[in-house]
Amino acid sequence: MVDTATDTSASADRIRASGDSEVATYLEIAERREPGQVLTPAPNAPESVVVLDYGSQFSMLIARRIREASVYSELIPWDTEPEKLNHLNVKGFVLSGGPASVYAEGAPQLPDWVVATGLPILGICYGMQLLAHKLGGSVEPATSREFGHAILEVGEASSDLFHELPGSMPVWMSHGDRIERLPAGFRSIAQSQNAPIAAMADDAGHYGIQFHPEVVHTPQGDQVIRNFLFEVAGCAGDWTASSFVDESVEAIRKSVGDGKVICALSGGVDSAVAAALVHRAVGDQLTCIFVDNALLRLGEPERVVNTFREQMKINLLHVDARDRFMRELAEVTAPETKRVRIGETFIRVFEAEAQKLGQVDFIAQGTTYPDVIESASTGSNAAAKIKTHHNVGGLPKDMQFTLIEPLRNLFKDEVRRVGKELGLSDEMVYRQPFPGPGLAIRVIGEVTLDKLDVLRRADWIVMDEIKKADLYYDLWQSFAVLTNTATVGVQGDYRTYGHLIALRVVTAEDAMTADWARLPYDLLANISNRITNEVPEVNRVVYDITSKPPGTIEWE
């Protein structure tokens, strides 16, 4: 493990040698501090490794891999100010990959303060090139690009980063630039056929690797990440679901005090776990509000009310707002407009119901990390917005409540572990995800009550057949989409012009990526036959075989 306390000065000397006077001046101040003192962690802040996001499609996956090693991690925009990390006890940084070239105008940079902490740094792909460029090395376009599988030849197997790894191993590359000259004080520790410097290191805990250890195509990538966490950064690896619950309960109690909280319930996993967590923290100060917005699956309102009132013994208000939501969605066809209107209408309904409860200061909801990232809410100008999640980008700016999002930094599998820690049933915890905007984004085009009725019946058949085939828990999501395409058919010897239903069934780990499920042909046939027989308005069923990317899981 690198002793960063004795290497900060050497790091400063190397940067001064690179000619970057601004960073050198900054480091002169840093030398008089203990490592990490640029940051001021709050008491009892969780031990963390921070991932700086430079726009890679795998940035979120890096944070996930770190958490899988029981070390807490957050993904932040590369230009985040250090004061925004004081809720963490940072042990090191990972610089993600990205689409830019370090020498391009306007390319994302390595902030001075990150180097000035004296903490270990691991640069991945663009992150490696950026680290070399910042510290005085040279990065140039490669004569032969590397995309896909490559063989890494480890030249210094004794390095902490490659601890107990073989001298030759398969990795996954994705780069068009490469390092031509190392910064002062660095050495090459691995190479590939097209990258003579495929990994680099110095004696101050700074590492760079040209390959992507976070993807499954690098079979031993998890061990590379673990080596950085434990051999280099000296992490303890003690972050668990139970520790998250304890920390969150304490934080919620401190934030809420004796105030009242309402929780937006959809009936899905995220809102259920959020409600259970807030309830553990503040008890009867919490009132859950379940809004029937006409966009729910068949039998959903009854199931939600029974679960939360009868099983979880939580205060619950059941609000019938179907007419209000349908008015707001009338003649709306744009997916983003649907999401924003649904999000705003939810809040207006909550505000009206809260007035009946007296003074209410807080609203809790089950926003998760993928929701935040896909809505580009991190603020990184290197990340693209995919779509607005109704509970992230769809909230009105004049909302009267203070927002509590205890699951905001968790992946779905982490949410489920927290749910089990809180004592929720398997039936609730392992339910397939259901989008906040509900069936509105599964009806393509304008949403009407008649279309919702058709979709509800078709969707129930999909779920029923999936469960009969004992595949429900093996799949991430399985549902029907009512397209805005009508097709010619023959039903009962009559020509029909009916709806086209699309089946969407995917496998995934966290919804950031997904693959279409290879369902048995007999199962697909059963689903199609039942829908066209039991839902007479439908005369054609198709199966969506698009992965994410390039598609998304939902159609809107």
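**Exercise 1. Classify the residues that line the largest pocket, and locate where the lining comes from.**

*Solution.* The lining of the largest pocket divides into 14 nonpolar, six polar and six charged residues. In this classification Ala, Val, Leu, Ile, Met, Phe, Trp, Tyr, Cys and Pro count as nonpolar, Asp, Glu, Lys and Arg as charged, and the others, Gly among them, as polar.

The structure is a predicted model, in which local features need pLDDT of at least 70 and side-chain atom pairs count only at pLDDT 80 or more, while totals for chains, interfaces and linings use all residues. Residues are numbered from 1 along each chain as its sequence is written, and side-chain values use heavy atoms, with hydrogens and water left out.

Step 1: the volume of the largest pocket is about 880 Å³. A pocket is an open set of points on a 1 Å grid over the protein atoms alone, with protein on both sides within 12 Å along at least five of seven lines; a cavity is a set where a 1.4 Å probe fits but cannot get out, and lining residues have an atom within 4 Å of a point. Grid points are joined across faces, edges and corners, and the volume is the space filled by probe spheres set on the points.

Step 2: the lining has 26 residues, of which P46, H87, E247, S248 and A251 are the closest to the centre of the pocket.

Step 3: α7 (241-256) gives the largest share of the lining, eight residues. At least two lining residues each come from β2 (72-77), α7 and β14. Helices (H or I, at least four residues) and strands (E, at least two) are DSSP runs, numbered from the N terminus.

**Exercise 2. Describe the second largest cavity.**

*Solution.* Step 1: four cavities of 30 Å³ or more are counted, and the second largest holds about 70 Å³ of space.

Step 2: its lining includes L265, S266, F290, V291, F346 and F434. By class, the lining of this second largest cavity has eight nonpolar, four polar and no charged residues.

**Exercise 3. Determine the strand order of the open five-stranded sheet, and identify the helix α11 that packs on the sheet.**

*Solution.* Step 1: the order is β12-β11-β10-β13-β14, with parallel pairing. Two strands pair if DSSP finds at least two bridges between them.

Step 2: β12 (316-320) and β14 (402-404) are the edge strands; each has a single partner, so one side of each is left without a neighbour in the sheet. From one strand to the next the twist averages 30 degrees.

Step 3: five bridges link β11 (residues 286-292) and β12 in the parallel sense, and D292 has D320 of β12 as its bridge partner.

Step 4: helix α11 (residues 335-355) touches β10 (261-265), β11, β12 and β13 (362-364), and its direction makes about 130 degrees with that of β11. Axes are lines fitted to C-alpha atoms, for helices over the stretch in contact, and angles run from 0 to 180 degrees between N-to-C directions. Contact means heavy atoms within 4.5 Å.

**Exercise 4. Characterise the surroundings of V360, in the loop between α11 and β13.**

*Solution.* Step 1: V360 counts as buried because its relative accessibility is 9%. Buried means under 20% relative accessible area, exposed over 50%, and partly exposed in between (1.4 Å probe, protein chains only).

Step 2: beyond its neighbours within four places in sequence, V360 is in contact with K260, I262, A354 and F401. The C-alpha atoms of V360 and Q285 are separated by 9.6 Å, although these residues lie 75 residues apart along the chain.

**Exercise 5. Trace the pairings of strand β8.**

*Solution.* Step 1: β7 (residues 187-192) pairs with β8 in the antiparallel sense over four bridges. R187 stands opposite A201 in β8, and a hairpin through two residues joins β7 to β8.

Step 2: β8 also pairs with β9 (residues 206-209), in the antiparallel sense over three bridges. M200 has G208 of β9 as its bridge partner. The hairpin of β8 and β9 has four residues between the strands, and in this hairpin G205 takes a positive phi near 85 degrees.

Step 3: β8 (residues 195-201) is mostly covered, with six of its seven residues buried.

**Exercise 6. Assess the burial of helix α3.**

*Solution.* Nine of the 10 residues of α3 (residues 59-68) are buried, so the helix is largely enclosed by the rest of the structure. Among the buried residues are R64, R65 and R67. Just after α3, S70 takes a positive phi of about 65 degrees.
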